[in-house]
Amino acid sequence: MSVETVTPTTAPHTGPLTLIHSEDSQPGWWRSAVIYQVYPRSFRDLNGDGVGDIPGITEELPHLAELGVDAVWLSPFYRSPQRDAGYDVSDYCDVDPLFGTLGDFDVMMAESHRLGLRVIVDLVPNHCSDQHVLFQAALAAPAGSPEREMFIFRDGEGPEGHQPPNNWQSHFGGPAWTRVTGPDGQPDQWYLHLFDSSQPDFNWDNPAVHIEFERILRFWLDRGVSGFRVDVAHALVKAPGLPAWGGRADGGSSDGFPGHEAPMFGQPAIHDIYRAWRRILDLYGPDRILCAEASVDLPRLAHWVRSDEMHQAFNFPYLHAGLDVNRLRTVITDSLTVLGAVGAPSTWVLSNHDVVRHATRFGYNGQGPRDGDGIGLADPQPDTALGRHRAAAASLFMLGLPGAAYLYQGEELGLPDGIDIPEHQRQDPTFARTGGQRLGRDGCRVPLPWRADEPHFGFGSGNDPWLPMPSSFAGLARDLQAGLPSSHLSLYRNMLEIRRGLDLGRGSLAWAEDWCTGSSLAYVNGTTLVLMNLNHEPLEMPAGQVLVRSASSGLESSGWDGLLASGETAWIRIGPDTSAN
Ligand code: BGC
């Protein structure tokens, strides 16, 4: 643990504090948990086919336990044609042979529990794969049949129904409707797909869809999972009549979140679904959770986490706040206040499998890449050292916050996005559906480097990885970083250990006003001051013991002189040590 005592150069107090949030004493492991996202395709390839697998996860779980996380969330590993990297599910109750077997899953669960790690799985209820038996049955059945009622089929507009039923666009580009050929071989109805044409949307107005998903929930709960991350949780119910929508395909408004009027998102009836699911989870005890991937603004996010609905929701406003101190302060204050008002903890997140990794995003001054669009060789290039330096600061700032935090695999290594990905290897449907205009999300999905000296940096010893790994990953491999006290990985271990020791996830938050300038931001959580300096100049730290600082990741050490470097965060003890050890 990096601990340093700074000779006091200022009075040993923090100045005026603005209390926003008090300590959390409500029960629930998830209220303060650190949850690590495993993206199975890219975690560890044990069978050598070039794609990660479940035995690979089991093999490396001890590293996650050692890192100090509480739980893992697995992105989809279900049977799937992999048109959207597994978010196109053809059988919700089986493991895709690409990843292993149900038996492998059970072994992984047992190993996780042995190591004290909980497991959350992804649930994709908005749509399935066009290869799902229910969709295949719908294709074979006539218009108006119960089979078609499982999905959103409509007659087309115009002469002979040649036009789509409305003007909705797919998230991945192009129209959100595809016309099918009827059982008689003639052009027939259209079906709705908010994402790829291989991902037909379920019809959540049909009770049979509810019954099917309640069965799926029970299947995985019976197998011991601690809960579900619910994919596009805001999209299941569509406005009656499917009215035309003139706004963005993602329903977004200028703040990046669906406007209140977007007919495909955030419809009120959605909440009844989650209330029903919550009742099922509660039958399994208080430790099973639902986490919403609901891309909505904060006031509405609170509706998803009322006491009889989901336990958590991803905090995308936090992710989108970047390193803008004013936005960060507003988002943190609003999150703790608005979610706190319904008794829910906040969550925090900086990276996931859908956005450019924060070590790359923060390598830009000014306008960086647009979410989901990715970066290629023809785009302005990030400053990778700067990005990693600031990413360390942002992570240290985030992990001091009260509430739960989600980490994305590889961020503990400071991994950047893969940028040099040849077109023929790009797999995100966004790339094909936009004719290459949007590169998509492959860059953040590049496989992990485990051991610098092994083939494919230890990701797998057989076929080439499904996406090329940059040569720079050699220097970022986990085994190299594990032995270096100044590495990014060591920083993550230190901060997670201190966070746990001080119970920061259960803590309080008060803004330390003297340190909240236009270019620095500081809060006090219990006896710890968390200070991030985004000024171009170093900042003199307040008196206290430095528990951990982000530049100890060694990339741009500011020296141990009481100064906080530009783009650096520190945790400083400002009161007596109250940790258990
Ligand atoms: C997932 C994406 C996926 C989409 C469609 C999302 O929000 O995180 O990876 O492409 O849902 O399932």
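User: What makes E60 and R451 a salt bridge?

Analyst: Keep in mind that this is a predicted model. The closest N and O atoms of E60 and R451 are 2.7 Å apart, and the cut-off is 4 Å, so the pair counts as a salt bridge. It also links distant parts of the chain: E60 sits in helix α1 (residues 54-67), while R451 is in the loop between α11 (429-433) and α12 (478-482), 391 residues apart.

User: Why is E60 called buried?

Analyst: Its relative accessibility is 3%. Buried means under 20%, so E60 makes the cut.

User: How do you know that R493 and E66 pair up, and where are they?

Analyst: Their side chains meet at 3.1 Å, N to O, and the limit is 4 Å, so that's a salt bridge too. R493 is in helix α13 (residues 488-502) and E66 in helix α1, 427 residues apart.

User: Why are R493 and E66 both called partly exposed?

Analyst: R493 comes out at 22% and E66 at 48%. Partly exposed runs between 20% and 50%, so both values fit.

User: E111 and R114 form a salt bridge as well. Which of the two is buried and which is exposed, and why?

Analyst: E111 has a relative accessible area of 17%, under the 20% cut-off, so E111 is buried. R114 has 60%, over 50%, so R114 is exposed. Both lie in helix α2 (residues 102-114), three residues apart, about one turn of the helix.

User: What joins D84, D354, D428, R441 and R445 into one network?

Analyst: Salt bridges that share partners. The whole structure has 33 salt bridges.

Definitions and conventions:
Residues are numbered from 1 along each chain as its sequence is written. This is a predicted model: local features need pLDDT of at least 70, side-chain atom pairs count only at pLDDT 80 or more; totals for chains, interfaces and linings use all residues. Side-chain values use heavy atoms; hydrogens and water are left out. Helices (H or I, at least four residues) and strands (E, at least two) are DSSP runs, numbered from the N terminus. Buried means under 20% relative accessible area, exposed over 50%, partly exposed in between (1.4 Å probe, protein chains only).
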